[in-house]
Amino acid sequence: MNIQSLLKQAQKMQAEIGKAEKALKERKYCALVNNGVVQVECNGAYEVTKVEIDETLLTAENKELLEDMILMGVNEAVKKAVSEEVINQLTGGVKLPGAF
């Protein structure tokens, strides 16, 4: 194998990695806490992209409750993203009925 061929392979791999990263960021995982009063969304790169809080929770008395709900939502959204990634690795990306 010559250097030119290796360079082409490296460029191809870089392009594929870029596509995969973009696809991960486009995936969305949503968690609803306490019937949706707190909603958290993350992407496949495990970045929290959205947090929605019902206005009725925005009181000083609800501070700890709200903090707990946000924590639960973030953990659940990330757990969904990780679970899908693990299943994809185990199945080689083949979609199974009833799995995501």
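**Exercise 1. In the hairpin of E1 and E2, find how many residues lie between the strands and which turn residue has a positive phi.**

Start with the turn itself. This is a predicted model, and in it four residues sit between E1 and E2. Asn-34 is the one to click on: its phi is positive, about 55 degrees.

Next, look at the strands on either side. E1 and E2 run antiparallel and are joined by six bridges. To check the register, take some pairs: Lys-28 stands opposite Asn-43, Tyr-29 faces Cys-42, and Ala-31 has Val-40 as its bridge partner.

**Exercise 2. Work out the strand order of the open sheet and name its edge strands.**

Step one: follow E2 to its other neighbour. Five bridges tie E2 to E3, again antiparallel, and Val-38 stands opposite Ile-53 in E3. These two strands also make a hairpin with four residues between them, where Tyr-46 takes a positive phi near 65 degrees.

Step two: put the pieces together. The order is E1-E2-E3 in an open sheet of three strands with antiparallel pairing. That leaves E1 (28-33) and E3 (48-53) as the edge strands, each pairing on one side only. On average, neighbouring strands here are turned by 15 degrees against each other, ignoring direction.

Step three: see what packs on the sheet. Helix H2 (residues 63-91) does, touching E1, E2 and E3, and its direction makes about 145 degrees with that of E1.

**Exercise 3. Sort the side chains of E1 by face: which are buried and which are not?**

Here's the rule of thumb: in a regular strand, side chains alternate between the two faces of the sheet. Now walk along E1. Tyr-29, Ala-31 and Val-33 point to one face and are buried. Lys-28, Cys-30 and Leu-32 point to the other face and are not buried.

Compare that with E2, which is mostly covered, with five of its six residues buried.

**Exercise 4. Explain why Tyr-29 counts as buried, then list what it touches.**

First, the cut-off: buried means under 20% relative accessible area. Tyr-29 has 7%, so it counts as buried.

Second, the contacts. Leaving aside neighbours within four places in sequence, Tyr-29 touches Val-40, Glu-41, Cys-42, Asn-43, Gly-44, Ala-77, Lys-80, Ala-81 and Glu-84. With Glu-84 there's something extra: a polar contact of 3.1 Å between the two side chains.

Third, try the same with Ala-31. With the same neighbours left out, the contacts of Ala-31 include Val-38, Val-40, Gly-73 and Ala-77.

**Exercise 5. Find the largest nonpolar core and the element that gives the most to it.**

Begin with the membership: the core has 12 residues, among them Tyr-29, Ala-31, Val-33, Val-38, Val-40, Cys-42, Leu-66, Met-69, Ala-77 and Ala-81. Then ask who supplies them. E1, E2 and H2 each give two or more residues. H2 gives the most, with four.

**Exercise 6. Decide which element has the lowest mean pLDDT and which the highest.**

Take the whole chain first: its mean pLDDT is 88, and 91% of its residues reach 70 or more. Then go element by element. Helix H1 (residues 3-26) has the lowest mean, 86, while E3 has the highest, 96. One caution to keep on the bench: where pLDDT is low, the predicted coordinates should not be read in detail.

How values were computed
Residues are numbered from 1 along each chain as its sequence is written. This is a predicted model: local features need pLDDT of at least 70, side-chain atom pairs count only at pLDDT 80 or more; totals for chains, interfaces and linings use all residues. Side-chain values use heavy atoms; hydrogens and water are left out. Two strands pair if DSSP finds at least two bridges between them. Axes are lines fitted to C-alpha atoms, for helices over the stretch in contact, and angles run from 0 to 180 degrees between N-to-C directions. Contact means heavy atoms within 4.5 Å. A nonpolar core is a set of buried Ala, Val, Leu, Ile, Met, Phe, Trp, Tyr and Cys residues joined through side-chain atoms within 4.5 Å. Buried means under 20% relative accessible area, exposed over 50%, partly exposed in between (1.4 Å probe, protein chains only). pLDDT is the predictor's confidence in each residue, from 0 to 100. A polar contact is a pair of N or O atoms within 3.5 Å; within protein, one must be able to donate a hydrogen and the other to accept it, and residues adjacent in sequence count only if both atoms are side-chain atoms.
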